[in-house]
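Biologist: I am new to this structure. Please give me a close look at one part, the shell around ligand 1, and then place that part in its setting.

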Amino acid sequence: MNILLYNPDNEVTHNFMPHLWMFLLKSLTPPEHRVLLVDGNAQRMSERALVRYVRDHQIDLVGIGAMTRMAAKAYRMADAVRAAGIPVVMGGPHVTEVPDEALGRDAEPRHADAVALGEADQTWPRIVADAERGALKEIYAPVDEAGKEVKPALADYPEIKWDQMDLDQFDLIGHFPRLARRILTLLGAPWQSIYLVPIESGRGCPYGCEFCTVTGFFGDSIRFRSNESVVNELLMLKAMEERQKAKILVFFIDDNFAINPRRTKSLLREIIARGAQVP
Ligand code: B12
Ligand code: SF4
């Protein structure tokens with residue numbers, strides 16, 4: 001199948017960083033499928049333009065992820081894609097809170113064929129398999145056979161092959177004013193592109209602030225990736241930086257990067273030690 005993962009823009013500002021979920025789900029997609037990514041923050045699209053893209057690339061399934069801030073645009077885009085006959089699955093924090101809204105179970109019209117609740121690391125391959133059989137279910141929840149919620153163990157976090165992703169749409173140099181680009185050239189900066197790459201090292205938060213969805217969504221205990229897996233990802237980006245003459249900045253998107261000082265220090269020490277070994 002050809003799958004498009006689409007992240008809507010907020011129709012006001014441009015984001016400076018791509019969203020991690022798209023790269024993560026692409027990495028978790030069985031290799032026989034082709035996955036394309038479009039982030040509306042980098043290439044803003046109208047409903048008509050998205051439908052044209054879907055037709056031009058013969059897309060069989062569209063996955064849309066959105067925060068509440070972008071939900072209205074997400075629904076409009078989903079409606080256009082569904083009207084063109086392509087199934088839409090939606091995920092992320094907003095539809096997890098209000099799945100009935102996306103599925104048209106309240107007073108509003110339906111926007112999605114299926115909704116992935118919560119963390120979709122484990123449900124995504126099932127969604128893809130069901131879509132391929134033409135048998136999408138309405139709701140995919142991360143639960144075991146007994147119906148108990150299962151949080152993905154980040155111990156087996158997938159390798160995100162940044163060096164094999166087409167990152168052109170996320171190149172920040174294109175967004176720099178012409179003067180800033182000229183100054184960079186005059187200063188002899190060797191970079192032909194600049195990327196800001198999101199990385200996570202852990203999920204969850206014990207504090208449960210009333211205005212925030214993180215504790216409800218990711219749980220109140222923190223799960224960490226192994227130091228090795230995080231540092232491997234950083235080293236891959238460093239190698240990519242040199243090969244592509246690019247500048248790559250890394251943004252740790254963890255809500256609580258330093259919540260466990262012993263673990264944070266051990267990660268930072270490993271970054272320093274293994275980073276120093278790179279010539
Ligand atoms: C990094 C971050 C930002 C960054 C950049 C966003 C980016 N480009 O990554 C910045 C700082 C810019 C930002 C801004 C805002 N953010 Co923010 N942000 C985050 C943060 C900390 C991490 C996001 C992330 O990558 N998580 C890790 C990935 C793996 O998790 P995920 O995105 O949830 O994806 C998983 C599932 O949701 C699911 N999934 C997601 N999408 C899809 C789609 C499909 C098809 C499927 C099947 C599954 C699926 O699968 C993934 C893997 O399990 C989250 C909190 C958090 N820990 O998630 C808040 C969070 C997403 N932000 C939030 C908010 C409110 C905002 C702002 C609106 C704040 C403001 N008032 O301005 C702005 C809006 C930005 C905009 N463009 O308009 C809220 C959203 C709540 C909601 N109800 O939607 C969150 C959840 C934090 C909170 N306080 O509750 N944010
Ligand atoms: S992530 Fe931050 S705002 Fe959200 S519950 Fe935890 S401490 Fe509070």
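Modeller: Start with a word you will need: a residue is buried if 20 or more other C-beta atoms lie within 10 Å of its own, exposed if 12 or fewer, and partly exposed in between. This is a predicted model. By that count, buried residues make up 29% of the 279 residues in the protein chain.

Now the whole, in brief. The protein chain has 10 helices and 10 strands. Its C-alpha trace spans about 55 × 45 × 40 Å along the principal axes. A compact globule of 279 residues would have a radius of gyration near 19 Å, and the 20 Å of the protein chain agrees with that. Take the contacts with a separation of 6 or more: residues 24 or more positions apart account for 68% of them.

The chain is assigned two domains. Domain 1 covers 2-152 and domain 2 covers 162-277. Their centres, taken over C-alpha atoms, are 24 Å apart. Across the border, 14 residues of domain 1 are in contact with 14 residues of domain 2. On the side of domain 1 that touches domain 2, helix 1 and helix 4 are the elements that give two or more residues. Helix 4 gives the most there, with 3 residues. By class, that side of domain 1 has 7 nonpolar, 3 polar and 4 charged residues.

Now to your part. Where does ligand 1 lie with respect to domain 1 and domain 2? Both domains give residues to the shell, so ligand 1 lies between them. The shell holds 34 residues. Those that come nearest are Gly-63, Gly-65, Met-67, Gly-91 and Gly-92. By class, the shell has 19 nonpolar, 10 polar and 5 charged residues.

Several elements build this shell. Two strands supply at least two residues each: strand 3 (61-65) and strand 4 (88-91). So do four helices: helix 1 (20-27), helix 4 (93-97), helix 6 (123-132) and helix 8 (214-218). Helix 1 and helix 4 have come up already, on the side of domain 1 that touches domain 2.

Look next at helix 6. Which of its residues are buried? They are Thr-123, Trp-124, Ile-127, Val-128 and Ala-131. Seen down the helix axis, these residues fall within an arc of 140°, so they line one face of helix 6. The buried residues pack against helix 1, strand 3 and strand 4, which also supply residues to the shell around ligand 1. Their other partners are strand 1 (2-7), strand 5 (114-116) and strand 6 (139-140). After helix 6 comes Gly-134, with a positive phi near 70°.

Helix 8 leads to a second ligand. The residues around ligand 2 are Cys-205, Tyr-207, Gly-208, Cys-209, Cys-212, Val-214, Thr-215 and Asp-255. By class, they are 5 nonpolar, 2 polar and 1 charged. Pick out Cys-209, in the loop between strand 8 (202-203) and helix 8. Is Cys-209 buried or exposed? Cys-209 has 9 C-beta neighbours inside 10 Å, so it counts as exposed. Cys-209 and Thr-29 are 180 residues apart in sequence, with 34 Å from C-alpha to C-alpha.

Some loop residues complete the picture. Asp-163 lies in the loop between strand 6 and helix 7 (178-186). With 13 other C-beta atoms within 10 Å, Asp-163 is partly exposed. Leaving aside residues up to four places away in sequence, Asp-163 touches Met-236 and Met-240. From Asp-163 to Gly-65, the C-alpha distance is 23 Å, across 98 residues of chain. Recall that Gly-65 is among the residues that come nearest to ligand 1.

Glu-11 sits in the loop between strand 1 and helix 1. Its phi is positive, near 70°, in a residue other than glycine. Glu-11 has 11 C-beta neighbours inside 10 Å and counts as exposed. Lys-245 is not a glycine and has a positive phi of about 50°. Lys-245 lies in the loop between helix 9 (227-244) and strand 10 (246-252). Lys-245 has 10 C-beta neighbours inside 10 Å, so it counts as exposed.

Note on methods: Residues numbered from 1 in each chain as written. Chains lettered and ligands numbered in written order. Predicted model: local features only at pLDDT ≥ 70, side-chain atom pairs only at ≥ 80, totals over all residues. Near = placed C-beta within 6 Å. Nonpolar A, V, L, I, M, F, W, Y, C, P; charged D, E, K, R; others polar. Domains from an automatic or database assignment. Rg over C-alpha atoms; globule rule 2.2 N^0.38 Å. Contact = placed C-beta atoms within 7 Å. Arc of directions from axis to C-beta.
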